[in-house]
Amino acid sequence: MKYISLLFILCGLALPLSLQARDKGDEIVVAQVYSDKQALTVGDSCLVTFVLQSAYPILKAVSNDELEDQKHATFHRLPTQRRVSRTLSPRGITYTLVWARYFVAPSTDGEIEIPKCEFKVELPNPDREGKKRTVQVKIKSNKLSIRVNPKPQPTTRDLMRRGKQLM
């Protein structure tokens with residue numbers, strides 16, 4: 001009986017502490033941009049993904065920002081099913097929404113800049129105070145740059161394998 005009462009006391013103390021740590025250290029919602037490759041070679045391509053993450057369920061998200069082709073890179077938007085997934089981590093439950101995925105193909109060497117995108121996200125009210133059941137939050141994603149290296153010159157061995165004639 002002592003162990004059961006001790007367990008209830010520990011659970012009662014741990015729950016408020018974990019909720020305070022969750023609210024104190026984390027932002028309510030975060031927008032991130034990820035690339036599957038940090039550096040490309042001319043002729044390569046990569047996948048760029050916009051992801052929204054929150055400690056609270058994501059009810060609605062809106063963004064009018066679209067990636068437009070740059071002078072040395074093209075962006076092709078891939079179809080994405082916008083479903084909120086829930087993941088259990090050591091810090092608690094995280095709700096994740098994959099907003100958009102882009103296929104990026106550079107045409108010349110240099111740097112590809114992915115600009116910040118602005119999102120309006122609707123979440124349940126975390127404070128539970130007042131009559132508002134939901135809260136709207138405006139956030140911006142991080143800025144991402146992808147380095148594009150020039151295509152390496154073919155070696156003599158490569159040219160001989162292709163059957164090209166050398167001087």
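Strand 1 and strand 3 run antiparallel and are joined by seven bridges. Val33 of the pair stands opposite Phe50 in strand 3. The model is predicted. The chain's secondary structure comes to two helices and 11 strands. Along the sequence the pattern reads α-β-β-β-β-β-β-β-β-β-β-β-α.

**Strand 1 and its two faces**

- In a regular strand, side chains alternate between the two faces of the sheet.
- Strand 1 shows such an alternation along its side chains.
- Val29, Ala31, Val33 and Ser35 point to one face and are buried.
- Val30, Gln32 and Tyr34 point to the other face and are not buried.
- Val33, on the buried face, is the residue that stands opposite Phe50.

**Thr49 in strand 3**

- Thr49 is found in strand 3.
- Thr49 has a relative accessibility of 14%, so it counts as buried.
- Leaving aside neighbours within four places in sequence, Thr49 is in contact with Gln32, Val33 and Tyr34.
- Under the same exclusion, the contacts of Thr49 also include Val98, Ala100 and Arg101.

**The largest nonpolar core**

- The largest nonpolar core has 29 residues.
- Those with the most contacts inside this core are Val48, Phe50, Leu52, Ile114, Phe119 and Val121.
- At least two core residues come from each of strand 1 (29-35), strand 3 (46-54), strand 5 (73-78), strand 7 (92-106), strand 8 (110-114), strand 9 (118-124), strand 10 (134-140) and strand 11 (144-149).
- Strand 7 gives the most to this core, with five residues.
- Phe119 has contacts beyond its neighbours within four places in sequence, among them Ala31, Phe50, Leu52, Val62 and Ser63.
- Trp99, Val137, Lys138, Ile139 and Ser141 are also in contact with Phe119.

**The three-stranded open sheet**

- Strands of a sheet pair through backbone hydrogen bonds, either parallel or antiparallel.
- An open sheet of three strands has the order 4-9-10, with antiparallel pairing.
- Strand 4 (60-62) and strand 10 are its edge strands, and each pairs on one side only.
- On average, neighbouring strands of this sheet are turned by 20° against each other, direction ignored.
- Strand 9 and strand 10 pair in the antiparallel sense over seven bridges.
- Val121 stands opposite Val137 in strand 10.
- Val121 is also among the residues with the most contacts inside the largest nonpolar core.
- Val137, in turn, is one of the contacts of Phe119.

**Arg86 in strand 6**

- Arg86 has its place in strand 6 (residues 84-89).
- Arg86 is exposed, with a relative accessible area of 60%.
- Not counting residues up to four places away in sequence, Arg86 touches Ile93, Thr94 and Tyr95.
- Arg86 and Pro57 are 29 residues apart along the chain, and their C-alpha atoms are separated by 8.5 Å.

**Whole-chain figures**

- The chain has 167 residues, and buried residues make up 26% of them.
- Among contacts with a separation of 6 or more, 67% join residues 24 or more positions apart.
- The accessible surface of the chain comes to about 12300 Å².
- Carbon and sulfur atoms account for 54% of that surface.

Terms used. Residues numbered from 1 in each chain as written. Predicted model: local features only at pLDDT ≥ 70, side-chain atom pairs only at ≥ 80, totals over all residues. Heavy atoms only, no water. Core = buried A, V, L, I, M, F, W, Y, C linked by side-chain atoms within 4.5 Å. Buried < 20%, exposed > 50% of the residue type's maximum accessible area, 1.4 Å probe, protein only. Helix = DSSP H or I, 4+ residues; strand = E, 2+ residues; numbered from the N terminus. Contact = heavy atoms within 4.5 Å. Pairing = 2+ DSSP bridges. Axes fitted to C-alpha atoms, helices over the stretch in contact; angles between N-to-C directions. Areas by Shrake-Rupley, 256 points an atom, 1.4 Å probe, with all protein chains shown as cover.
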